[in-house]
Amino acid sequence: IKAERNTHYELIIIMPKNPSNILNNSLITEAFLEENAFLKITIISNNASILTRFYSKCQKNSKTEFYNFSVQGGCVKTKTTLYEDASCFINNGFVTRNNNYTEQDTVIHEGKNSYSLINSKGYLLDGSSDVRGLIKINKDAYDSQGYQEFDALLEGDSHSVSVPDLEILNNEVKCSHGSTASRIKDEDLFYFESR
């Protein structure tokens with residue numbers, strides 16, 4: 001996808017449950033955003049064997065939003081490069097039952113005053129997740145901001161791994177990361193089932 005200068009694109013992709021015509025069960029999207037461009041991509045998948053990849057480069061003052069919703073697990077990999085005044089929002093939501101979910105997100109801040117948010121939310125029932133994120137702020141990316149958040153709700157025999165990572169080569173930035181994983185308590189289930 002090439003988003004030319006001062007353009008606005010929104011794209012929704014709904015993956016078939018049994019994608020027989022997709023090469024190696026992969027969906028690969030590459031995007032190049034010119035100055036002042038906006039791109040929003042939403043992907044909805046109901047197949048644990050789908051590998052979703054999203055790569056983007058955002059030039060000055062451009063913005064990309066990536067939304068991925070995986071209903072039966074799956075694998076997601078994103079990589080975004082941000083230049084001056086560019087921003088990206090990576091949002092992954094997943095539900096997995098007796099399946100695995102893996103995610104690897106990378107954002108590289110090349111230009112000053114750039115902004116990124118990696119936000120992942122998941123619900124696991126007898127499943128597992130492995131979520132890894134890297135925000136790298138290079139030495140010329142003054143006044144940039146990068147944030148990572150991961151939250152998982154576990155039920156049954158589930159386990160979750162979260163590895164947020166920051167690589168900061170400039171002191172004049174704001175960055176943070178956080179991760180929570182919690183189980184549904186028996187008394188909470190009793191309360192919800194009694195309503």
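**Strands, neighbours and two positive phi values**

Q: Phe 69, buried or exposed?
A: In between: Phe 69 is partly exposed, at a relative accessible area of 39%. Here buried is under 20%, exposed is over 50% and partly exposed lies between the two (1.4 Å probe, protein chains only).

Q: OK, and what kind of model am I looking at?
A: A predicted one, where local features need pLDDT of at least 70 and side-chain atom pairs count only at pLDDT 80 or more, while totals for chains, interfaces and linings use all residues. Residues are numbered from 1 along each chain as its sequence is written, and side-chain values use heavy atoms, with hydrogens and water left out.

Q: Which strand is Phe 69 in?
A: Phe 69 is part of strand 6, residues 63-70. Strands are DSSP runs of E, at least two residues, numbered from the N terminus.

Q: Switching to Thr 80. Where does Thr 80 sit?
A: Thr 80 belongs to strand 7, which covers residues 74-82.

Q: And is Thr 80 buried or exposed?
A: Buried, because the relative accessibility of Thr 80 is 0%.

Q: What is Thr 80 in contact with, leaving aside neighbours within four places in sequence?
A: Thr 80 touches Phe 54, Ser 56 and Cys 58, then Thr 64, and further along Cys 88, Ile 90, Thr 106, Val 107 and Ile 108. Contact here is heavy atoms within 4.5 Å.

Q: New topic, the sheet pairing. How many bridges between strand 10 and strand 12, and in which sense do they pair?
A: Strand 10 (residues 115-125) pairs with strand 12 (residues 145-155) over 11 bridges, in the parallel sense. Two strands count as a pair if DSSP finds at least two bridges between them.

Q: Which residue in strand 12 is the bridge partner of Ser 120?
A: Phe 150 partners Ser 120.

Q: What about strand 12 and strand 14, how many bridges there?
A: 10 bridges, and strand 12 runs parallel to strand 14 (residues 174-183). Leu 154, for instance, is opposite Arg 183 of strand 14.

Q: Back to the backbone. What is phi for Asn 6?
A: Phi of Asn 6 is near 60°, so a positive value in a residue that isn't glycine. Asn 6 sits in the loop that links strand 1 (2-3) to strand 2 (8-14), and Asn 6 is exposed because its relative accessible area is 52%.

Q: And what about phi of Asp 126?
A: Phi of Asp 126 is also positive, about 55°, and Asp 126 is not a glycine.

Q: Where is Asp 126?
A: In the loop between strand 10 and strand 11 (128-137). Asp 126 counts as partly exposed because its relative accessibility is 34%.

Technical notes: Helix = DSSP H or I, 4+ residues; strand = E, 2+ residues; numbered from the N terminus.
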